[in-house]
Amino acid sequence: MRVITGAQMKRVEENSLAFDLTYARLMENAGSAAAAFIRRTFRVEGRNCMIFCGSGNNGGDGFVAARKLYENGANVVAVLAEGEPKTQEASSMLDMLIMMEVPVFDLSRDSENVLACIQQTDIVVDALYGTGFRGALRGGGKIAAGLINDAIAAIISLDVPSGVACDTSKSDPDAVKADFTVVFDCRKPVHVMPEGQKYCGTIEVVEIGIPPEAYADIESVFVSTDLEMALEAVPIRKVDSHKGDFGTLLAVCGSSRYRGAAVLAALGALRMGVGIVRVASVEAVCCAMAASVYEAVYLPLAANSAGGIDASAALPVLAGALPGATAVLFGCGVGDGEDADILLEYLVKNAKVPIIIDADGINALARNIYVLQEAVAPVVLTPHPGEMARLCGVSTQQIQENRFGTAMNFAAKHNVTVLLKGSESITALSDGRVLSNHTGNPGLAKGGSGDILAGMTASLCAQGTSPGLAASAAAYLHGLAGDRAAKRLSQCAMLPSELLRDLCEILASERR
């Protein structure tokens, strides 16, 4: 599924001009395709249709749709929400509509006629803004959006519901809530973001004559991770491989209170294929782990009074361990407090390899966000919504209302990769790309699940996979294993540790 930004769509349209297309032809095609969808969905002959048109090219698409619906027997009224069109193409389409004697009202001058018509309309078309909307609804656009939402009629938006930002899904309180959105040629971010989809209703993608070649230099900003893509992140093991070929993960995890977190993170990393896991933690964690995780190497560290890692004693040990690591995992179960803050800052400033920060490490980062400016290697964050809220200084509800936009903005602002966990976890890269995941189920909502995911992500990074692909692949495989575990054990009864068996079976079936 191709998903591109509004700016990229503009480039695609510009590229199309090299293939005997014009902006007027694209407008004609878009409006005709929208009208054809409406005719397929509703009986239009004899029905009352109102098309609210903005002053840009989306309004021009609306004029074409109005003409086509009129030609097919609909009783059509067009409404100029913001006055005369500002583009030559849209003006030409309006002139054609007027020549056909289709009623055209100016909202500012003919408000009484508009109000009278909308009370009797059956179908309303929103052609106010499209992909170009930014900021807030104002003036005629705001009034028109309110009239559209209040209409007792089917509401169809052209390309993007007016009042919703194409790339971020940030919405005006009065944004149009469409029953259907006719999307021109390919989806935009708003069509795949949950916070945008609630305004779109049913989405229908229609072709408008753009040749495939026009997309030659356009890279999709949203990708839905699948099994093939996830497996690309898992190195194939050659016959003459040895453990050094698959990296060394330094896992600074655990405390006397959270011993299991270090165990699960290490097991997730080992099952995901890393060659060596070196666990740097307090003696209590190392002793407990050594009884069951035989494959790990242990670096016992002194404990502070709370049972966490004593940072002052740990730094010399970590200084000796960092040069041999190909990735660093920090945070799973380390606990809270000043020592965690010191360890985080030291690792971020000194790690020359990807560093994956999870759980208590993210809480420490929320108190010291400035340290990201001094990172010398890629940073991957794996927060759940509550941790993301602490990073951003907002409420968890605000995160859930704009998951995609928040993760995208944070990743770009701080030059990091963000794996935002939850229903349909997403991986936001610093370059603006987003990888979405659709595996997983509520059975994964148990303590320890995130530790395994962090270990899997760190494992792939340690093996040389790029951070973005590592995070998205780990999320996909973690969720897929969770789905299989739920079938075996039920969502209620399954335990995070039990999905490792299913992960092994998935990798075995794919010969990894």
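This note sets out numbered points on the fold, sheets, cores and cysteines of a predicted model.

1. Overall dimensions and composition. The chain has 512 residues, of which 56% count as buried. Its C-alpha trace spans about 85 × 45 × 45 Å along the principal axes. The secondary structure amounts to 20 helices and 17 strands. The exposed area of the chain is about 20,800 Å², with carbon and sulfur atoms supplying 50% of it. Among contacts between residues at least 6 apart in sequence, 72% join residues at least 24 apart.

2. The sheet of 7 strands. This open sheet follows the order β3-β2-β1-β4-β5-β6-β7, and its pairing is parallel. The edges are formed by β3 (104–106) and β7 (202–206); each has a single partner strand, so one side of each lacks a neighbour in the sheet. From one strand to the next, the twist averages 20 degrees. Within the sheet, strand β4 (residues 123–127) runs parallel to strand β5 (residues 154–158), and 4 bridges join the two. In this pairing, Asp126 stands opposite Ser157 of β5.

3. Helices on the sheet of 7 strands. Helix α2 (residues 23–41) packs on this sheet and touches β4, β5, β6 (180–184) and β7. The direction of α2 makes about 145 degrees with that of β6. Helix α3 (residues 57–71) lies across β1, β2 (75–80), β4, β5 and β6. With respect to β1, helix α3 runs at about 165 degrees.

4. Asn48. This residue belongs to strand β1 (residues 48–53). Asn48 has a relative accessibility of 25% and therefore counts as partly exposed. Leaving aside neighbours within four places in sequence, the contacts of Asn48 are with Asn75, Gln120, Thr121, Asp122 and Ile123. Val77 lies 29 residues from Asn48 along the chain, and the C-alpha atoms of the two are separated by 8.0 Å.

5. The sheet of 10 strands. The second open sheet has mixed pairing and the strand order β8-β17-β16-β15-β14-β13-β12-β9-β10-β11. Its edges are β8 (222–224) and β11 (297–301); each has a single partner strand, so one side of each is left without a neighbour in the sheet. The twist here averages 15 degrees from one strand to the next. At the β8 edge, the pairing with strand β17 (residues 434–436) is parallel and covers 3 bridges. Phe222 has Val434 of β17 as its bridge partner. Helix α17 (residues 403–414) lies across β8, β14 (379–381), β15 (417–420), β16 (426–428) and β17, at about 30 degrees to β16.

6. Strand β9. How many residues of strand β9 (residues 248–252) are buried? The count is 5 of 5, so β9 is largely enclosed by the rest of the structure. Side chains in a regular strand alternate between the two faces of the sheet. Both faces of β9 are covered, with Thr248, Leu250 and Val252 buried on one side and Leu249 and Ala251 buried on the other. Strand β10 (residues 276–282) runs parallel to β9, and 5 bridges join them. The bridge partner of Val252 in β10 is Ala280.

7. Nonpolar cores. The largest nonpolar core contains 108 residues. Those with the most contacts inside it are Phe222, Leu250, Met289, Leu318, Leu329, Leu347 and Leu477. Helix α19 (residues 467–489) gives the most to this core, contributing 11 residues. Another core, of 47 residues, lies apart from it and includes Met9, Ile123, Ile210 and Tyr215. Within the largest core, Met289 is one of the residues with the most contacts. Not counting residues up to four places away in sequence, Met289 touches Ala262, Val263, Ala266, Val279 and Tyr298.

8. Cysteines. The structure holds 0 disulfides. Cys287 is in no disulfide, and the nearest cysteine sulfur, that of Cys286, is 6.9 Å away. A disulfide would require a pair of cysteine sulfur atoms within 2.5 Å. Why is Cys504 without a bond to Cys332? The sulfur of Cys332 is the closest cysteine sulfur to that of Cys504, but at 19 Å it is too far for a bond. As to accessibility, Cys287 counts as partly exposed at 48%, and Cys504 is partly exposed with a relative accessible area of 26%.

Definitions and conventions:
Residues numbered from 1 in each chain as written. Predicted model: local features only at pLDDT ≥ 70, side-chain atom pairs only at ≥ 80, totals over all residues. Heavy atoms only, no water. Buried < 20%, exposed > 50% of the residue type's maximum accessible area, 1.4 Å probe, protein only. Core = buried A, V, L, I, M, F, W, Y, C linked by side-chain atoms within 4.5 Å. Contact = heavy atoms within 4.5 Å. Pairing = 2+ DSSP bridges. Axes fitted to C-alpha atoms, helices over the stretch in contact; angles between N-to-C directions. Areas by Shrake-Rupley, 256 points an atom, 1.4 Å probe, with all protein chains shown as cover.
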